[in-house]
Amino acid sequence: MQKPGSDFASLKAPPLRILVTGFGRFPGVRDNPTALLIQALGKHRTRLAHLGIALEGAMLPVEYAGVARTLEELNETLKPDAILHFGVAARRKFISIETRALNRLSLLHCDAAGARAPRRAIVRGAPLAARSTFPARQIEAAMRGAGLRVRLSANAGDYVCNETLYLSLVRLPARVAGFIHVPRLARASRPKAASRSRRQDLAGLSRAALIAILVTARKLRQDRAQAHVATPARQDFVKTPGKRPALDRVRSMA
């Protein structure tokens, strides 16, 4: 018998495989908070598994040529239902939920290997813009409800982050894909300065990531339920989730 409130797991549905990625250092950013985030999320893997979420974490190279190859390898190996990318936007003071990617790269900025983009377009002949397929507005609302500083963004830049999102949307078969930019983390050695700048610490960043994971899982479950709504044998095993439990789950994980 299904436990009350278990809105992310169903008795018969297979687990949802969600891939969360981060990046390492690159010119201008020696310590990338998303690398720490991937490590921190590892301790929540077991609890998420109980909710029917198979969490996978991976690091992507900050390289124009290498990121496409790595994304393809991860897709072939893991076959994720959803992909949530996290990258750092060093000049921003808030979490940015990216709603689109553009088919363009800067020809000026070097990647972590010291190389520049070979051409302006990420995929020749492809559309200029690709819209994110994760529930951006729902994630934003849930993060705001948790007291996080967050905004929707239509500018993922023209660096490897934008390339990563664009390739995930136009080249990979995952049902849901999105990108979230995060600011630099607050310095533990300077608590007063961190308080004035209102920067997130690693715990706050982890909470934001968990919210994004849970809200995305809820969307996938809803889509799965709608796909099977005409099958009576499945109706007993699908529960349409509510909005509040996602935040309750995050609080219990913190």
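Visitor: What makes strand 4 (residues 95-98) and strand 7 a pair?
Guide: Strands pair if DSSP finds at least two bridges between them, and four bridges join these two, so they qualify. They run parallel, with Ile97 standing opposite Leu152 in strand 7. Bear in mind that this is a predicted model, where local features need pLDDT of at least 70 and side-chain atom pairs count only at 80 or more, while totals for chains, interfaces and linings use all residues. Numbering starts from 1 along each chain as its sequence is written, and side-chain values use heavy atoms, leaving out hydrogens and water.

Visitor: How are the strands ordered in the sheet?
Guide: The order is 2-1-3-8-4-7, six strands in an open sheet with mixed pairing. Strands here are DSSP runs of E, at least two residues long, and helices are runs of H or I, at least four, numbered from the N terminus.

Visitor: Why do strand 2 (53-60) and strand 7 (150-153) count as edges?
Guide: Each has a single partner strand, so one side of each lacks a neighbour in the sheet. On average, neighbouring strands are turned by 25° against each other, direction ignored.

Visitor: Which strands does helix 4 (residues 136-145) touch?
Guide: Strand 4, strand 7 and strand 8 (176-182). Touching means contact, that is, heavy atoms within 4.5 Å. The direction of helix 4 makes about 165° with that of strand 7.

Visitor: What makes helix 4 and helix 7 (residues 202-227) oblique rather than parallel or perpendicular?
Guide: Their axes cross at roughly 135° and come within 9 Å. Under 35 degrees counts as roughly parallel, over 145 as roughly antiparallel, 65 to 115 as roughly perpendicular, and the rest as oblique. An angle of 135° falls in the rest, so helix 4 is oblique to helix 7. Axes are lines fitted to C-alpha atoms, for helices over the stretch in contact, and angles run from 0 to 180 degrees between N-to-C directions.

Visitor: Is that crossing left-handed or right-handed?
Guide: Right-handed. The near helix is then turned clockwise from the far one by less than a right angle; anticlockwise would be left-handed. Among the contact residues are Ile139 and Met143 of helix 4, and Ile211 and Val215 of helix 7.

Visitor: What kinds of residue make up that contact?
Guide: Seven nonpolar, two polar and one charged. Nonpolar covers Ala, Val, Leu, Ile, Met, Phe, Trp, Tyr, Cys and Pro; charged covers Asp, Glu, Lys and Arg; the others, Gly among them, are polar.

Visitor: Why is helix 1 (residues 33-41) called roughly perpendicular to helix 7?
Guide: The crossing angle is roughly 70°, which sits in the 65 to 115 band, so the label fits. Their contact has ten nonpolar residues, one polar and no charged.

Visitor: And why are helix 3 and helix 5 roughly parallel?
Guide: They cross at roughly 30°, and since the limit is under 35 degrees, they count as roughly parallel. Tyr64 and Leu71 in helix 3 are among the residues meeting helix 5, whose side includes Val160 and Leu167.

Visitor: How do you know that Asp81 and Arg175 form a salt bridge?
Guide: A Lys or Arg side-chain nitrogen must lie within 4 Å of a carboxyl oxygen of Asp or Glu; here the N to O distance is 3.7 Å, so the pair qualifies. Asp81 lies in the loop between helix 3 and strand 3 and Arg175 in the loop between helix 5 (160-170) and strand 8, so the pair ties together parts 94 residues apart in sequence. The structure holds five salt bridges.
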